[in-house]
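Let's take a walk through this chain together, starting with the overall layout and then zooming in on single residues. Keep the viewer open and click along as you read.

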Amino acid sequence: MEQEIKPHIVYTTDETQKLLKVSNSTIKRMLKKGLIKANKVGGQYRILGKEILRLVSPEVEHEAIKSYLGIKRKVVDKINKW
């Protein structure tokens, strides 16, 4: 059953992981890179629903693809120099 993401509800990293259907390590990486804005409360992250919704928007996907292609280009350039 699909769960609706509510913009003004606060979610834990576990809840966010389940909503996005990604691994725990992916959530940690997204938090570390600032892809998901979150606040730490008692040593644990809390994520506002609107951040999750922002993450799954087409604009964010476009930025992620652009970022990926930029990184890929750098890697290919580095390999080609060998």
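What follows goes from the whole chain to its helices, and then to a few residues worth clicking on.

Before anything else, keep in mind that this is a predicted model. The chain has 4 helices and 3 strands, and if you trace them along the sequence you get the pattern β-α-α-β-β-α-α. Along its principal axes, the C-alpha trace spans about 50 × 30 × 20 Å. The radius of gyration is 15 Å, whereas a compact globule of 82 residues would have one near 12 Å.

How much of the chain is buried? Of the 82 residues, 23% count as buried. The accessible surface comes to about 6800 Å², and carbon and sulfur atoms make up 56% of that. As for contacts with a separation of 6 or more, 49% of them are between residues 24 or more positions apart.

Now turn to helix 1, which covers residues 13–20. Its buried residues are Thr 16, Gln 17, Leu 19 and Leu 20. These residues cover an arc of only 165 degrees around the axis, so they sit on the same side of helix 1. What lies over them? The cover includes strand 1 (10–12), helix 2, strand 3 and helix 3.

Leu 19 is a good residue to click on here. This leucine in helix 1 has a relative accessibility of 17%, and the cut-off for buried is under 20%, so Leu 19 counts as buried. If you ignore neighbours within four places in sequence, Leu 19 is in contact with Gln 3, Ile 5, Tyr 11 and Ile 52. For a sense of distance, pick Asp 77 as well: Leu 19 and Asp 77 are 58 residues apart along the chain, and their C-alpha atoms are separated by 36 Å.

Just past the end of helix 1 comes Lys 21, with a positive phi of about 60 degrees. Lys 21 has that positive phi although it is not a glycine. You'll find Lys 21 in the loop between helix 1 and helix 2, and at 61% relative accessibility it counts as exposed.

That loop takes us to helix 2 (residues 24–33), where Thr 26, Ile 27, Met 30 and Leu 31 are buried. Why do these four end up on the same side of helix 2? Because they cover an arc of only 135 degrees around the axis. Flip to the other side of helix 2 and you'll see Lys 28, Lys 32 and Lys 33, which are exposed. The buried residues pack against helix 1, strand 3 (44–48) and helix 3 (49–55). Right after helix 2 you get Gly 34, and here too phi is positive, near 80 degrees.

Next, have a look at Thr 12, back in strand 1. Thr 12 is partly exposed, with a relative accessible area of 24%. Leaving out residues up to four places away in sequence, Thr 12 touches Tyr 45, Arg 46 and Ile 47. Gly 43 is 31 residues from Thr 12 in sequence, and the two are 12 Å apart in space, C-alpha to C-alpha.

Helix 3 is the place to look for charge pairing. How many salt bridges does the structure hold? It holds 1. The partners are Arg 54 and Glu 51, and their closest N and O atoms are 2.7 Å apart. Both residues lie in helix 3, 3 residues apart, which is about one turn of the helix. Are the two partners buried or exposed? Arg 54 counts as partly exposed, at 30% relative accessibility, while Glu 51 is buried, with a relative accessible area of 11%.

Finish with a patch on the surface. Ile 71, Val 75, Ile 79 and Trp 82 form a nonpolar patch there, and together they have about 500 Å² of accessible area. To find the patch in the viewer, start from Ile 71, which is in helix 4 (residues 58–81).

Note on methods: Residues are numbered from 1 along each chain as its sequence is written. This is a predicted model: local features need pLDDT of at least 70, side-chain atom pairs count only at pLDDT 80 or more; totals for chains, interfaces and linings use all residues. Side-chain values use heavy atoms; hydrogens and water are left out. Buried means under 20% relative accessible area, exposed over 50%, partly exposed in between (1.4 Å probe, protein chains only). Helices (H or I, at least four residues) and strands (E, at least two) are DSSP runs, numbered from the N terminus. The arc is that of the directions from the helix axis to the C-beta atoms. Contact means heavy atoms within 4.5 Å. Patches are made of residues with over 30% relative accessible area and no salt bridge: like charges are joined within 9 Å, nonpolar side chains (Val, Leu, Ile, Met, Phe, Trp, Tyr) within 5 Å. Accessible areas come from the Shrake-Rupley method with a 1.4 Å probe; for residues, only the protein chains shown count as cover. A salt bridge is a side-chain nitrogen of Lys or Arg within 4 Å of a carboxyl oxygen of Asp or Glu. The radius of gyration is taken over C-alpha atoms; the globule rule is 2.2 Å times the number of residues to the power 0.38.
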